[in-house]
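Biologist: I have a few "how do you know" questions about this one. Could you put it up on the screen and walk me through the reasoning?

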Amino acid sequence: MRAAVWHGRNDIRVEQVPLPADPAPGWVQIQVDWCGICGSDLHEYVAGPVFIPVDAPHPLTGIQGQCILGHEFCGRIAKLGAGVEGYAVGDPVAADACQHCGTCYYCTHGMYNICERLAFTGLMNNGAFAERVNVPANLLYRLPPGFPAEAGALIEPLAVGMHAVKKAGSLLGQTVVVVGAGTIGLCTIMCAKAAGAARVIALEMSSARKAKALEVGASVVLDPNQCDVLAEVRVLTAGLGADVSFECIGNKYTAKLAIDTLRKAGKCVMVGIFEEPSEFNFFELVSTEKQVIGALAYNGEFADVIAFIADGRLDIRPLVTGRIGLEQIVELGFEELVNNKEENVKIIVSPGLGR
């Protein structure tokens, strides 16, 4: 089969690879329909290895070095491993990417997304930029009749936003700040609105992403290059600050900004992936009783997102800015995102497109 294989920094090759072996007991093989290019995939392309294990085999999967990328995907079941019940060949499904051991403290206490041996599909095990992929059946979610085909590739990033929103607690009637309107920021805006936030203030500098933020539900967008965003947030909140903020960039400066936008006793949820440490005076938390909460990936939120897409509370159409075939993934996918990052949100890839 054809697959997009990571060989090293700036070295992703679409090449012929063997079909996956028949799925192991408790696993399934999926014929991939669509798979989105994630920011983590882009990190591996321009700066990798970041998450891909190269110095030693991954303790859960045994993967080391070359890896088929792709974890935001949907498709149809092609083969069932022994013992898999409740599914049939041909069922349309999406799959959570958090492959986990099931036996560590976190797995047995309902927190599989921080498993001691966590392995993301497409980073620590072969993924879905391929015609077929094997995944554990306990990660599957069946897609309902009439579910939009392309929407299956957007469930994963929306689940990240949904998990962050759940970590914040009830947003009903609250004012929310979302720092960054990239894919995850936009997904968080959408999920916050769907969860009942009265007002969402987005902080973004890119003109294209500012427009997208408004399109998906932001009440107002503030550009840090054009105004004092802290002063503006205070004006919009009667001098108090936001009830909740979400940091969706992963930058040492925007982390503090997200905290500073809050009122006293407000909550900041850190969603971005940080590449370097930041300086912070923790007395700012002590003196204001603000709370800072980490949110990694998702923990069952695929079900919520599927339901919200199916009933219309979430509309994925504004998020898709490109549809390409697997053979085009480097030039029209990764390079497009590197060179025209501000104009793109989500480029989705179909192994069958353009054949």
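Modeller: Happy to, and please keep in mind that this is a predicted model.

Biologist: Why is Gly352 called partly exposed?

Modeller: Gly352 has 46% relative accessibility. Buried means under 20% and exposed means over 50%, so Gly352 counts as partly exposed. You will find Gly352 in the segment after strand 18 (346–350).

Biologist: How far apart are Gly352 and Gly325 in sequence and in space?

Modeller: They are 27 residues apart in sequence, and their C-alpha atoms are 6.6 Å apart in space.

Biologist: What makes Ile273 partly exposed?

Modeller: The reasoning is alike. Its relative accessibility is 45%, and the class in between runs from 20% to 50%, so Ile273 counts as partly exposed. Ile273 sits in the loop between strand 15 (262–270) and helix 8 (283–286).

Biologist: Which residues make the nonpolar surface patch with Ile273?

Modeller: Val50, Phe51, Ile114 and Leu296 join Ile273 in a patch of about 380 Å². Patch residues need over 30% relative accessible area, and Ile273 has 45%, so Ile273 meets that cut-off.

Biologist: How many residues of each class line the second largest pocket?

Modeller: The lining has 8 nonpolar, 4 polar and 1 charged residues. Pro counts as nonpolar and Asn as polar, so of the residues nearest the centre, Pro18 and Pro20 are nonpolar while Asn126 is polar. Met1 and Ile68 also lie nearest the centre.

Biologist: Which strand gives the most to that lining?

Modeller: Strand 9 (residues 132–136), with 3 residues. The space in this second largest pocket is about 230 Å³.

Key:
Residues are numbered from 1 along each chain as its sequence is written. This is a predicted model: local features need pLDDT of at least 70, side-chain atom pairs count only at pLDDT 80 or more; totals for chains, interfaces and linings use all residues. Side-chain values use heavy atoms; hydrogens and water are left out. Patches are made of residues with over 30% relative accessible area and no salt bridge: like charges are joined within 9 Å, nonpolar side chains (Val, Leu, Ile, Met, Phe, Trp, Tyr) within 5 Å. Accessible areas come from the Shrake-Rupley method with a 1.4 Å probe; for residues, only the protein chains shown count as cover. A salt bridge is a side-chain nitrogen of Lys or Arg within 4 Å of a carboxyl oxygen of Asp or Glu. Helices (H or I, at least four residues) and strands (E, at least two) are DSSP runs, numbered from the N terminus. Buried means under 20% relative accessible area, exposed over 50%, partly exposed in between (1.4 Å probe, protein chains only). On a 1 Å grid over the protein atoms alone, a cavity is a set of points where a 1.4 Å probe fits but cannot get out, and a pocket is an open set with protein on both sides within 12 Å along at least five of seven lines; lining residues have an atom within 4 Å of a point. Grid points are joined across faces, edges and corners, and a volume is the space filled by probe spheres set on the points.
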